[in-house]
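Biologist: I'd like to learn how to read a structure like this one, starting with its empty spaces. Can you take me through it feature by feature?

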Amino acid sequence: MNLTLHVWRQKNANDKGKMVKYDAKGISPEMSFLEMLDVVNEDLITRGDDPITFEHDCREGICGCCGFMINGVPHGPQRGTTVCQLYMRHFKDGDVLYLEPWRAKAFPVIKDLMVDRSAFDRIIAAGGYVSVATGSGPDGNAILIPKEACDCAMDAAACIGCGACVASCPNASASLFTAAKISHLGLLPQGQPERMKRAEAMVAQMNKEAFGSCTNIGECEAVCPKSIKLEVIARMNRDFIKASLLDRGE
Ligand code: SF4
Ligand code: FES
């Protein structure tokens, strides 16, 4: 397969950046999208040019490092799929693809297709954990958890923190990510003692980080590679409002 790529090239956060055209030649349909970029980069390096920077690690759809826009869609055209798990057989010979980084004020571009997602880390640091007394590990079955709570918590815990939800949202809201993290702990018995405090602290941090507000558009759910559902946002809002009422003694 031969493809034409228009790739966003930007040296750093202060550089203006521009689209640059590249030919991806002799691409196997069995290659992943990132392997196709590896081929393009090898060619660039051979010619003494600067290779295209993109983030990746596991290439198995589990770490959340990869992600950029392909023809305006985060992670590309395949639903429920990270860009590292997207294969070239889903494209056609002669396709013209436009690759851009996530566009959001809270995710400044580091270089080319790579953005700084440390705003997500700061949201987690604000409360995305369960405080435990140190000591020996408790027995695995010491706390029984209803199956429904367990299933919902596991679904929310599938969030890999990739940032596609922010990139797809016209408000650049981080609500789906933050709500997934709040949900997966808030649904489990172990997460109950800090549930209200957690929701308040994480939402406050999200608001501090230049993300926009959620207006229930739903683009986030549509592009999420882990199919996180909008209902987690409703749960986050309930916990946040409850926490605010408790603070006011109501
Ligand atoms: S909610 Fe989905 S799109 Fe958003 S960070 Fe988590 S996995 Fe990525
Ligand atoms: S590289 Fe880990 S999810 Fe894509």
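Biologist: What is the space taken by ligand 1?
Modeller: Start with the general idea: a water-sized probe rolled over the atoms shows where empty space is left. Here, ligand 1 takes up the second largest cavity. On a 1 Å grid over the protein atoms alone, a cavity is a set of points where a 1.4 Å probe fits but cannot get out; a pocket is an open set with protein on both sides within 12 Å along at least five of seven lines; lining residues have an atom within 4 Å of a point. A molecule sits in one of these if more than half of its atoms lie within 2 Å of its grid points.
Modeller: Before we go on, this is a predicted model, where local features need pLDDT of at least 70 and side-chain atom pairs count only at pLDDT 80 or more, while totals for chains, interfaces and linings use all residues. Residues are numbered from 1 along each chain as its sequence is written, chains are lettered from A and ligands numbered from 1 in the order in which they are written, and side-chain values use heavy atoms, with hydrogens and water left out.

Biologist: Which residues come nearest to ligand 1?
Modeller: Of the 13 residues around ligand 1 (a heavy atom within 4 Å), the nearest are Cys-159, Cys-162, Gly-163, Cys-165 and Cys-224. That shell divides into 11 nonpolar, two polar and no charged residues. For those classes, Ala, Val, Leu, Ile, Met, Phe, Trp, Tyr, Cys and Pro count as nonpolar, Asp, Glu, Lys and Arg as charged, and the others, Gly among them, as polar. Helix H4 (164-168) and H5 each give the shell at least two residues. Helices here are DSSP runs (H or I, at least four residues), as are strands (E, at least two), numbered from the N terminus.

Biologist: And what lines the second largest cavity itself?
Modeller: Its lining has 13 residues, with Cys-159, Cys-162, Cys-165, Cys-224 and Ile-228 nearest the centre. The split is 10 nonpolar, two polar and one charged, and H4 and H5 each supply at least two of the residues. Its volume is about 80 Å³, where a volume is the space filled by probe spheres set on grid points joined across faces, edges and corners.

Biologist: How many cavities of 30 Å³ or more are there?
Modeller: Three. The largest has a volume of about 110 Å³. Of its 16 lining residues, Cys-169, Ser-173, Cys-214, Gly-218 and Cys-220 lie closest to the centre. H5 and helix H7 (219-223) each contribute at least two, and the lining sorts into nine nonpolar, six polar and one charged.

Biologist: Now the pockets. How much space lies in the largest pocket?
Modeller: About 190 Å³. Among the residues lining that pocket are Arg-9, Lys-11, Asp-15, Lys-18, Tyr-22 and Asp-112. By class, its lining has two nonpolar, two polar and seven charged residues. S2 gives the largest share, three residues.
Modeller: The second largest pocket holds about 160 Å³. Of its 13 lining residues, Arg-117, Phe-120, Asp-121, Ile-160 and Gly-161 are the closest to its centre. Six are nonpolar, three polar and four charged, and the largest share, four residues, comes from H2.

Biologist: In what order do the strands of the sheet run?
Modeller: To read a sheet, ask which strands pair (DSSP must find at least two bridges between them). Five strands make an open sheet here, S2-S1-S5-S3-S4, with mixed pairing. At its edges are strand S2 (18-24) and strand S4 (73-74), each paired on one side only. Strand S1 (residues 3-9) and strand S5 (residues 96-100) pair in the parallel sense over four bridges, with Thr-4 opposite Val-96 in S5.

Biologist: Last one: is Asn-216 buried or exposed?
Modeller: Asn-216 is exposed, at a relative accessible area of 63%; buried means under 20%, exposed over 50%, partly exposed in between (1.4 Å probe, protein chains only). Its phi is near 55°, a positive value in a residue other than glycine. Ala-210 also has a positive phi, near 65°, and is partly exposed at 41%. Ala-210 lies in the loop between helix H6 (195-208) and H7, and Asn-216 lies in the loop between H6 and H7 too. Across the chain, 45% of the 250 residues count as buried.
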